[in-house]
Amino acid sequence: MSEGIRATIEFARPGGCPLADLSASEEATIDSVRVSVCPADCEACVTEFSMDTACEPETDISRIFSHGSTHRYRFTHGGGTSCPCECLGRFGCPVDRYVARDGTVTIAFYAADYDQLRNVVGALRERFPEMDIERLIRSPAGEHPQDGVFVERGKLTPRQLEVLETAYEMGYFERPRRANATEVAAALDINPSTFGEHLAAAETKILEDVL
């Protein structure tokens, strides 16, 4: 059985997403989202969610109940793929977390394997070009499970990637080092201080994924 991959993706004001629009208009946080995604031949889906603000939206979204600071809502909508969660449903990817805050949607979901993840990300990026992959983690497996974290190399500039690759190939990260900063900088035709700046910027971006 495949261990699966947990992906966290952020969508900045995704067009066609009523939850993103509502969270922006009410300046609220929406969570605990549950979507019943119907088969491809079904005409409707039902979404329920909680919001930290009580309101009566001027849409087909209705409030089900309120209990203290929790306000639960429900709406019925078409079975298209205009919303990120609906697109995920078409691929059969279970959603683990869905949060909308001030118009930005963050979704954590599971893909069975890398091939499915690639297809899902491709479909999402085609529909929502402004999406940002926050984190990819392979599920633990085996007797001694470990977190397998995917690093998004797209965060690095071409120059930062070149600096990392050159430093690695020359043995800068080995102990003891086979090359020092001055030698790596010379190979890159830059001064050591510039090498240090590029390296620090690249390491910071990578550590954000790892940690």
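A polar contact of 3.2 Å connects the side chains of Thr29 and Arg101, and I should like to begin there. Please bear in mind throughout that the model is predicted.

Thr29 belongs to strand 2, which covers residues 29–36. Is Thr29 buried or exposed? Its relative accessible area is 17%, and because the limit for a buried residue is under 20%, Thr29 counts as buried. Which residues does Thr29 touch once the neighbours within four places in sequence are left aside? They are Ser50, Met51, Asp52, Val99, Ala100 and Arg101. Arg101, the partner in the polar contact, therefore appears among these contacts as well.

I turn now to the aromatic residues. The count comes to 5 aromatic pairs. One of them is formed by Phe49 and Phe75, with 6.3 Å from centre to centre and 70 degrees between the planes, in an edge-to-face arrangement. Phe49 is part of strand 3 (residues 44–51) and Phe75 is part of strand 5 (residues 70–78), so this pair ties together parts that are 26 residues apart in sequence. Phe49 is buried at 0% relative accessibility. Phe75 is likewise buried, with a relative accessible area of 5%.

Let me take a further pair, Tyr172 and Phe195. The ring centres are 5.4 Å apart and the planes stand at 85 degrees, so this pair is edge-to-face. Where in the chain do Tyr172 and Phe195 lie? Tyr172 is in the loop between helix 4 (158–169) and helix 5 (181–188), whereas Phe195 is in helix 6 (residues 192–210). The pair thus links distant parts of the chain, 23 residues apart. Tyr172 and Phe195 are both buried. Tyr172 has a further partner: Arg177 lies over the face of its ring, at 4.0 Å from the ring centre.

To return briefly to Phe49 and Phe75, these two residues form one aromatic cluster together with Tyr73.

My last topic is strand pairing around strand 1. Strand 1 (residues 5–12) and strand 7 (residues 104–111) run antiparallel and are joined by 8 bridges. Within that pairing, Glu10 stands opposite Thr106 of strand 7. Strand 1 also pairs with strand 8 (residues 132–138), again in the antiparallel sense, over 6 bridges. Which residue of strand 8 is the bridge partner of Ala7? That residue is Leu136. Strand 1 is accordingly paired with strand 7 and with strand 8.

Key: Residues are numbered from 1 along each chain as its sequence is written. This is a predicted model: local features need pLDDT of at least 70, side-chain atom pairs count only at pLDDT 80 or more; totals for chains, interfaces and linings use all residues. Side-chain values use heavy atoms; hydrogens and water are left out. Helices (H or I, at least four residues) and strands (E, at least two) are DSSP runs, numbered from the N terminus. Buried means under 20% relative accessible area, exposed over 50%, partly exposed in between (1.4 Å probe, protein chains only). A polar contact is a pair of N or O atoms within 3.5 Å; within protein, one must be able to donate a hydrogen and the other to accept it, and residues adjacent in sequence count only if both atoms are side-chain atoms. Contact means heavy atoms within 4.5 Å. Rings of Phe, Tyr and Trp (its six-membered ring) pair if their centres lie within 6.5 Å; planes under 30 degrees apart count as stacked, over 60 as edge-to-face and the rest as tilted. A charge sits over a ring if NZ of Lys or CZ of Arg is within 6 Å of the ring centre and within 35 degrees of the ring normal. Two strands pair if DSSP finds at least two bridges between them.
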